[in-house]
Amino acid sequence: MSLPVFLHPGPFEGRVLLDGPEGRHAVAVKRIQAGERIMLVDGRGTHATIFVTATRGKDVLEGEVEECGVEKQAGPRVTVVQALPKAERSELAVDLATQAGADAVVPWQAQRCVAKWTGPKAAKGVAKWEAAALAAAKQSRRTRIPEILDVHTTAQLAELIAGKTALVLHEDSATPLREIDLDVDEVVLIVGPEGGIGADELAQLTAAGAQAVRLGPEVLRTASAAMVALSAIGVLTRRW
């Protein structure tokens, strides 16, 4: 059985101390005790197996490093551009994309999004997505935590994808994902809102170099589309 994972800034040498929110999660929530083993990750690929020697109070854990290593970055790197879902599905979209291996997630304020991230709401939304990505990464035993970028407009998204392999998931596309050349360093996967991507938005993105692709015969919910697409890319490339 895989070890429970907790985030730690490192370095992983000799004795280590886990405290703060991660220490509380280990001691008070997971009830880790002396004599057990856990895994610490720095969120950037470095990981260490820790033999727990003691716990103190409700949020302090001490241990010794037994093994340490660095996980190689899977290729191609996949950045998920996620149109803002409704509130109840917002963090779910990030959770599922993280479980499926997304390397970065870009919140997209598409025209047909019901949710609107403006002013202080944008920073709050990014913080919630970061928390969702961290929780999902730990649950799925990932050593790398997906980066959550600031919310992008369509114009900003067009600049982001310039010169990259960008794929827009679109139910009307005649090109299946399996026909795309994925032997590249990076893929940008663009997921539209529940109401679909507007024709002018699609034109703007394709003018910037994106290609519309069909993922499959079913029309997926915006919260689950990235996870299904990442799974397909995993099989079609060296990621898996």
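How much of the chain over residues 18-55 is helix and how much is strand, and how far apart are the end C-alpha atoms? In this predicted model, the stretch is 26% helix and 42% strand. Its end C-alpha atoms lie 9 Å apart. The same residues, 18-55, carry a UniProt annotation from an unreviewed entry, "domain: Ribosomal RNA small subunit methyltransferase E PUA-like".

One open sheet has five strands, in the order E1-E3-E4-E5-E2. Its pairing is mixed. Strand E1 (5-7) and strand E2 (15-18) stand at the edges. Each has a single partner strand, so one side of each is left without a neighbour in the sheet. From one strand to the next, the twist averages 40°.

Helix H1 (residues 20-29) packs on this sheet. It touches E1, E2, E4 and E5. The direction of H1 makes about 155° with that of E1.

Within the five-stranded sheet, strand E4 (residues 46-56) and strand E5 (residues 60-70) run antiparallel. Ten bridges join them. Thr46 has Val70 of E5 as its bridge partner. The hairpin of E4 and E5 has three residues between the strands. There, Gly57 takes a positive phi near 60°.

Strand E3 (residues 37-41) also runs antiparallel to E4, and five bridges link the two. The bridge partner of Val41 in E4 is His47. E3 and E4 form a hairpin too, with four residues between them. In the turn, Gly43 has a positive phi of about 85°.

A further open sheet contains six strands, ordered E8-E7-E6-E10-E9-E11. Here the pairing is parallel. Which strands stand at the edges? These are strand E8 (147-148) and strand E11 (211-213). Each pairs with a single partner strand, so one side of each is left without a neighbour in the sheet.

Strand E9 (residues 165-169) and strand E10 (residues 186-191) run parallel and are joined by four bridges. Thr165 stands opposite Val187 in E10. Helix H6 (residues 222-236) packs on the six-stranded sheet. H6 touches strand E6 (77-83), E9 and E10. Its direction makes about 150° with that of E10.

Helix-helix packing was examined next. Two packed helices are described by the angle between their axes and the distance between the axes. Helix H4 (residues 154-161) and helix H5 (residues 199-207) pack at an angle of about 25°. Their axes are 9 Å apart. Angles under 35 degrees count as roughly parallel, and H4 and H5 are therefore roughly parallel to each other. The crossing of H4 and H5 is right-handed.

H4 contributes Thr154, Ala155, Leu157, Ala158 and Ile161 to the contact. H5 contributes Glu201, Gln204 and Leu205. Of the residues in this contact of H4 with H5, five are nonpolar, two are polar and one is charged.

Methods:
Residues numbered from 1 in each chain as written. Predicted model: local features only at pLDDT ≥ 70, side-chain atom pairs only at ≥ 80, totals over all residues. Heavy atoms only, no water. UniProt positions renumbered as here; feature names shortened; annotations may be inferred. Axes fitted to C-alpha atoms, helices over the stretch in contact; angles between N-to-C directions. Parallel < 35°, antiparallel > 145°, perpendicular 65-115°, else oblique. Left-handed = near helix turned anticlockwise from the far one by under 90°. Contact = heavy atoms within 4.5 Å. Nonpolar A, V, L, I, M, F, W, Y, C, P; charged D, E, K, R; others polar. Pairing = 2+ DSSP bridges.
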